[in-house]
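Here are some short exercises to work through with the model open beside you. Try each task before reading its solution.

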Amino acid sequence: MIKITINGKNYKVKEGLTILEASKQVGIEIPHFCYHPALESEGSCRMCLVEIKGVPKLQLACSTPIKDGMEIETENERVIEARKAVLEFLLAGHPLDCPICDKAGECKLQDYYYKFGLFEDRFEEEKPKRDKLFRIAPNLIYDQERCILCTRCVRFLREITKTGELGVLNRGKESLISIYEQELIENNYSGNLADICPVGAITDIDFRFKIRTWFLERKKSICPICSRGCNINIHFLSPSFPFKVEKRVFRITPEPNVKINGYWICNLGRYNYHYIDNDRILHPLKRNGELKQISWEEFYEDIGNKIKILIRRKKEEKIGVIVNLSLTNEEYETLEIFFNKCIPGTEIITFGKKSGKEDNFLLTEDRNANRKGAGKYRFKEKKIDILKFLNKKELVIFFGHEITEHCNIQLLSEALKDIKTKVLIASNKGPLINLVDYILPSTVIAEKEGSFTNSQGITQKFYRVLEPLGESRPEIEILTSLAQKSGIWRNFLMTRRAG
Ligand code: SF4
Ligand code: SF4
Ligand code: FES
């Protein structure tokens, strides 16, 4: 640790940091555009200038390392004047786009102008005219007029994805960011460019013009699309929004976690959020010829009685349970207590989503959020003859549609015809909907709390971000209520307490 002074106050900070990093650690904000904690420092925007005692010129906080005894001023008149000058220079070439810019509300140029600028406009010349709708990726639009040439985007593609699709072309006032020879950015992390662009120069087509950012709230969660468990922020419509809109979630962005995802997420995790609002099962349904809405109570009574009768007849092996690999650790624990401990004869098999392509960065081959956690409770995927498993069952409970990725749907449909009672517990509609007698809506990850253990073995807790849609309920709640009606309640409670 070394001693430094910032704005007259003494601090002890870790050696090796830059002035900007040390100031941040002690809670002092130094404005910056080009600095990003995950990228090599470039020192091009000059927004982070500070005064160091004994050094005649102002210095860049983002690239100057701290030294023992250093005395730094981040708020004096000279520094504030320099910041204003940088902002005036940047805004001279910047269009007056805020009212129609998607970044408004979270733009650093806008924020810093209000915080450190507020100068009288002296600009009388014509603003430069440039391309405003330049497609640089299938998912991204680049606005050359808004670009402040901080090169964060260029460095991200050079240092993080190592694909280098963007570069700075031309010199001086003609400089601009561009792709080479019209070759679009096609890598699986391109969505991060819209997040790291400090202004509205790179915007995301999926999000552009859908909603103003100040109508959104954000909460932390975990991405359930693969086994990496990237930390994310879910941006959802504020409950105080005055108009009725069906959509709740508008985008997903990364939440930094250096041990897991750094500052990034992949495009698959970023854009695959529509399942949260679309194609959801909203109410418990029962097929009696045709599908009819029922109450949760009716479901608990019906299936609880069936389980009770099978236990009384000592026919527990007639109960088949098919579990997926994206439930929470707490849900696996509850399943283990319910079926393995309270009804030991039950037959359980596990099926996850089929593997996908990994990309040697964050995205893993395993498209199941919690295979590691399931394994701890002995829910392991095994090669199994599904039709043989279903043979002679009287009650089958499916958690999710995953099984249909592993067998011929026609054969599955035939095998299910002979089974008296088939139950599906799932959040979204899918191929099993037409093959079962009871359909129960479960919550998606964003609507429940629990924990996942990722492919590295790290267990992460997450909390409810949204209210459950329709009548959907978390699996734990469904199992607990069902246990009360299945004649295993005492045993279930005692085992849970003992665990
Ligand atoms: S497009 Fe954005 S991130 Fe890239 S240089 Fe311009 S302002 Fe910076
Ligand atoms: S790498 Fe996996 S966990 Fe991370 S954002 Fe992509 S799909 Fe989600
Ligand atoms: S943040 Fe230091 S020069 Fe840009």
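## Exercise 1: Overall layout

Count the helices and strands of the chain, then describe its extent and burial.

Solution. The chain of this predicted model has 13 helices and 22 strands. Next, the box: along the principal axes, the C-alpha atoms fill roughly 90 × 50 × 45 Å. For burial, 40% of the 499 residues count as buried. Last, take the contacts with a separation of 6 or more: 66% of them are between residues 24 or more positions apart.

## Exercise 2: A five-stranded sheet

Work out the strand order of the open sheet of five strands, and say why β2 and β4 each have a side without a neighbour.

Solution. Start with the order, which is β2-β1-β5-β3-β4, with mixed pairing. Now look at the ends: β2 (9–13) and β4 (59–60) are the edge strands, and each has a single partner, so one side of each lacks a neighbour in the sheet. Moving inwards, β1 (residues 2–6) pairs with β5 (residues 71–73) in the parallel sense, over two bridges. Within that pair, I6 sits opposite I72 in β5. Finally, add the helix: α2 (residues 77–92) lies across β3 (49–52) and β5, and runs at about 160° to β3.

## Exercise 3: A three-stranded sheet

Find the order and pairing sense of the open sheet of three strands, then its edges.

Solution. Reading across, you get β6-β7-β10, paired antiparallel. The edges are β6 (134–137) and β10 (202–204); each has a single partner strand, so each is left with one side that has no neighbour in the sheet. As for twist, neighbouring strands here are turned by 35° against each other on average, ignoring direction. Zoom in on β6 and β7 (residues 140–142): three bridges join them in the antiparallel sense. A137 stands opposite L140 in β7.

## Exercise 4: Two ligand shells

Which residues surround ligand 1, and which come nearest to ligand 2?

Solution. Ligand 1 first. Around it are C147, I148, L149, C150, T151, R152, C153, I177, C197, V199, A201 and I202. Sort that shell by class and you have ten nonpolar residues, one polar and one charged. Now ligand 2, which has 13 residues around it; C223, C226, C230, C266 and G269 come nearest. Its shell splits into nine nonpolar, three polar and one charged.

## Exercise 5: The nonpolar cores

Locate the largest nonpolar core and list the elements that supply at least two residues each.

Solution. This core has 47 residues, and F398, V423, L424 and I425 have the most contacts inside it. The elements supplying at least two residues each are α7 (296–312), β16 (319–323), α8 (329–341), β18 (395–399), β19 (421–426), β20 (438–441) and α12 (475–485). Pick V423 for a closer look: leaving out residues up to four places away in sequence, V423 touches I303, V396, I397, F398, V436, Y438 and L440. There's also a second, separate core of 46 residues, which includes I19, L109, C147 and I148.

## Exercise 6: Placing R155

Is R155 buried, exposed or partly exposed?

Solution. First place R155: it lies in helix α4 (residues 152–160). Then count neighbours. R155 has 19 other C-beta atoms within 10 Å, while a buried residue needs 20 or more, so R155 comes out as partly exposed. Outside the stretch of four places either way in sequence, R155 touches L39, E40 and E42. R155 and E42 are 113 residues apart in sequence, but their C-alpha atoms are 9.0 Å apart in space.

Note on methods
Residues are numbered from 1 along each chain as its sequence is written. Chains are lettered from A and ligands numbered from 1 in the order in which they are written. This is a predicted model: local features need pLDDT of at least 70, side-chain atom pairs count only at pLDDT 80 or more; totals for chains, interfaces and linings use all residues. Two strands pair if DSSP finds at least two bridges between them. Helices (H or I, at least four residues) and strands (E, at least two) are DSSP runs, numbered from the N terminus. Axes are lines fitted to C-alpha atoms, for helices over the stretch in contact, and angles run from 0 to 180 degrees between N-to-C directions. A residue is near a molecule or strand if its C-beta atom, placed from the backbone, lies within 6 Å of it. Ala, Val, Leu, Ile, Met, Phe, Trp, Tyr, Cys and Pro count as nonpolar, Asp, Glu, Lys and Arg as charged, and the others, Gly among them, as polar. A nonpolar core is a set of buried Ala, Val, Leu, Ile, Met, Phe, Trp, Tyr and Cys residues joined through C-beta atoms within 7 Å. A residue is buried if 20 or more other C-beta atoms lie within 10 Å of its own, exposed if 12 or fewer, and partly exposed in between; C-beta atoms are placed from the backbone. Two residues are in contact if their C-beta atoms, placed from the backbone, lie within 7 Å.
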